[in-house]
Amino acid sequence: MLSNAGLVRNRRATPAGVTTRLRNARRGAASKEELAGAMPETQRFANGVELLQVSPWLENKKLKSWLWHGFSTRIGGVSGAYSAEDAPGDLNLGFTAADSREAVQRNRQLLAEAISGKSDTPIAALRQFHSNLVVVAEQGDISRQQPRKADGVISSVPGLLVAIQTADCIPVLVADRRQRIVAAFHAGWRGTVKRIVELGVGRMRLEFGCKPEDLVAAIGPGASQCCYAVGEELLSEFESQFSYARELFREVFDSDSVRTKYPMLFLTQRAPGHSPIGPQLHLDLIEANRRQLLDAGVKTSAISATGGCTNCHPELFFSHRVSRGHAGRMMSVIGIKPKR
Ligand SMILES: [Zn+2]
């Protein structure tokens, strides 16, 4: 049985039950190419910064009149720490060890300028730690030097951009169309298991009386299901929290060429993720966070996703995974324009 060669080796490493449950949930293995989305369209600003913006938000005149928002790419900055010497500068927005503080500060000014028209518009970042802690922005955050420790922020402060930093994790922006309240959440797999987005929307209701039907939400670029291979322990983690957990996972082959070359692999009933050329379990964090928005009461039609896999497009995005930890940070920002 050539098709089973090497597949029995790691069978005991699988916790009992997980494989069976996954097999029941299987929609069939997919190839990476099947799941990969197109390269998203960016908006290029006068200062060279390129951002992803949410089309329905730009097209809604009322929303556009008071709302600032954008998901950064790596394009349009002055950092040299993450690219070849002769390459144009990167828009690294995180104070990382490899980059200079001056470059990051300049990049943040460029981002503020692209979004608000003014380079001195304050950006309040967070000290993120993969939690579900959500803070409410205060007037004092405009001049605060040290970022607050949290993974989500809700703001009613005009003239302030609140920000989430990512380099594969999923950023989620939310706005209350009626009350002019905004929020940004950092949802890696840990924050997602801890329901940061679902809890965050709950907090918007609690603190500001936001009604879910008034909310619009946008899920930004991150490691998408095409590339986000995870260990089987994550399936257990998600199954312990979400009734729909199995819908978030799929077995994925690295390449269509594998399918062509080894068609027998697609006919076997064996544990996933145990062969170097076999399928790996992939997690769909974008769908996971869409489900949390829905569970929090946000309407399906009010949820947008920019698309853009950070792993598929390293020329456009920073990716922690692709660069094996040596990555800059992108920012997802949202804010309320000040009254003139
Ligand atoms: Zn991808």
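The paragraphs below follow a few strands of this predicted model and the partners they pair with.

A good place to begin is strand β18, which covers residues 330-336. Seven of the seven residues in this strand are buried, so β18 is largely enclosed by the rest of the structure. To follow that reasoning, it helps to know that a residue is called buried if 20 or more other C-beta atoms lie within 10 Å of its own. Looking at the two faces of β18 in turn, one finds Met330, Ser332, Ile334 and Ile336 on one side, while Met331, Val333 and Gly335 lie on the other, and both faces are covered.

Which strands are joined to β18 by bridges? One of them is β4, made up of residues 67-72, which runs antiparallel to β18 and is joined to it by five bridges; within this pair, Leu67 stands opposite Ile336, a residue already met among the buried ones of β18. Another is β11, residues 161-166, which is also antiparallel to β18 and is connected to it through six bridges. Here Ile164 is found opposite Ser332, and Ser332 too is buried.

Elsewhere in the chain numbering, three strands form an open sheet whose order is β1-β15-β16 and whose pairing is mixed. The edges of this sheet are β1, at residues 30-31, and β16, at residues 280-283, each of which pairs on one side only. Strand β15, residues 249-253, runs antiparallel to β16, and four bridges hold the two together as a pair. A reader who wishes to locate this pairing in the model can look at Glu251, whose bridge partner in β16 is Leu281.

Note on methods
Residues are numbered from 1 along each chain as its sequence is written. This is a predicted model: local features need pLDDT of at least 70, side-chain atom pairs count only at pLDDT 80 or more; totals for chains, interfaces and linings use all residues. Two strands pair if DSSP finds at least two bridges between them. A residue is buried if 20 or more other C-beta atoms lie within 10 Å of its own, exposed if 12 or fewer, and partly exposed in between; C-beta atoms are placed from the backbone.
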